[in-house]
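Colleague: I have a few informal things to ask before I start working with this one. Could you put it up so that we can go through it together?

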Amino acid sequence: MKIAASSADYFVTRVWSFDLSELEPEFPAWKKSIQSLREMSPEPQGRSNRSGWNSEANLFENGYFPSLQKVSEQCFIHCFREMGIEVDELAFKISAWVNLTPPGGYNVQHGHPRVYLSGCFYLDTPENSGCISFSDPRPGAVYSATRMLGEMSSQNVKAQPKAGQLLIFPSWLEHSVEMNESTQDRISIPMNVVAPS
């Protein structure tokens with residue numbers, strides 16, 4: 001018996017990856033700026049970071065890392081266009097901050113509510129400093145008897161970030177970051193695309 005079959009993929013969740021390693025000559029200066037920021041405001045701002053330090057979410061507004069801001073805007077525009085959103089009609093700004101995660105630090109599972117898109121640029125990712133782990137956004141998938149990986153995943157999907165990489169994903173896609181098991185700090189710059197205030 002011949003079986004006629006067809007298929008369609010629904011509720012696809014896209015994560016974009018951009019190679020921004022051309023900015024690498026600026027990394028040493030950026031790391032010095034981050035140390036200065038931490039010295040000026042040593043208390044972490046909280047949020048999902050555990051045992052680490054994070055800055056206020058105003059890096060770009062205060063003029064830090066202008067080249068990163070410029071190229072990140074282009075990356076977010078690329079994502080909006082792939083989503084079918086008319087960028088010319090969408091006013092937005094990027095809210096960015098520093099996550100400095102020492103050995104033993106990690107980020108608990110969380111999402112970024114009330115924003116258009118989220119992203120994370122990786123400035124320093126020592127070996128064994130932890131993967132970012134994306135959770136299946138479909139609540140019912142946890143009941144599946146067939147837990148698999150891949151495009152039809154119902155398990156967490158891990159990505160090993162590299163220095164110079166920008167990951168962009170839907171703000172509602174919950175994620176966490178594994179414990180930093182290296183002997184050095186992991187440094188990242190998370191971002192949210194928000195409506196201008």
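Colleague: Let me begin with one residue: is serine 176 buried or exposed?

Modeller: Serine 176 counts as buried, because its relative accessibility is 16%, and buried here means under 20% relative accessible area, with exposed over 50% and partly exposed in between, using a 1.4 Å probe and protein chains only. Please keep in mind that this is a predicted model, in which local features need pLDDT of at least 70 and side-chain atom pairs count only at pLDDT 80 or more, whereas totals for chains, interfaces and linings use all residues. Residues are numbered from 1 along each chain as its sequence is written, and side-chain values use heavy atoms, with hydrogens and water left out.

Colleague: Where is serine 176 found, and what does it touch?

Modeller: Serine 176 sits in strand S11, where strands are DSSP runs of E with at least two residues and helices are runs of H or I with at least four, both numbered from the N terminus. Not counting residues up to four places away in sequence, serine 176 touches Asn107, Val108, Gln109, Cys131, Ile132 and Ser133, a contact being heavy atoms within 4.5 Å.

Colleague: And what about methionine 179, buried, exposed or in between?

Modeller: Methionine 179 counts as partly exposed, because its relative accessibility is 42%, and its place is in the loop between strand S11 (175-177) and strand S12 (186-194). Leaving aside neighbours within four places in sequence, methionine 179 is in contact with Gly104, Gly105, Tyr106, Asn128, Ser129 and Gly130.

Colleague: Changing topic, how many helices and strands does the chain have?

Modeller: The protein chain has two helices and 12 strands, and from the N terminus on the order of elements is β-α-β-β-α-β-β-β-β-β-β-β-β-β. Among contacts between residues at least 6 apart in sequence, 84% join residues at least 24 apart.

Colleague: What radius of gyration does it have, and what would a compact globule give?

Modeller: The protein chain has 18 Å, which agrees with the value near 16 Å for a compact globule of 197 residues; the radius is taken over C-alpha atoms, and the globule rule is 2.2 Å times the number of residues to the power 0.38. Taken along the principal axes, the C-alpha atoms fill a box of roughly 70 × 40 × 30 Å, and 42% of the 197 residues count as buried.

Colleague: How many aromatic pairs does the structure hold?

Modeller: The structure holds nine, where rings of Phe, Tyr and Trp (its six-membered ring) pair if their centres lie within 6.5 Å, and planes under 30 degrees apart count as stacked, over 60 as edge-to-face and the rest as tilted. One of them joins phenylalanine 80 and phenylalanine 92, a tilted pair at 5.7 Å centre to centre with 50° between the planes. This pair links phenylalanine 80 in helix H2 (residues 66-82) with phenylalanine 92 in the loop between H2 and strand S4 (93-96), 12 residues apart.

Colleague: Which arrangement do phenylalanine 134 and phenylalanine 169 have?

Modeller: Their ring centres are 5.2 Å apart and their planes at 65°, so the pair is edge-to-face. Phenylalanine 134 lies in strand S8 (residues 132-134) and phenylalanine 169 in strand S10 (residues 165-170), so the pair ties together parts that are 35 residues apart in sequence. Phenylalanine 134 counts as buried at 7% relative accessibility, and phenylalanine 169 counts as buried at 2%.
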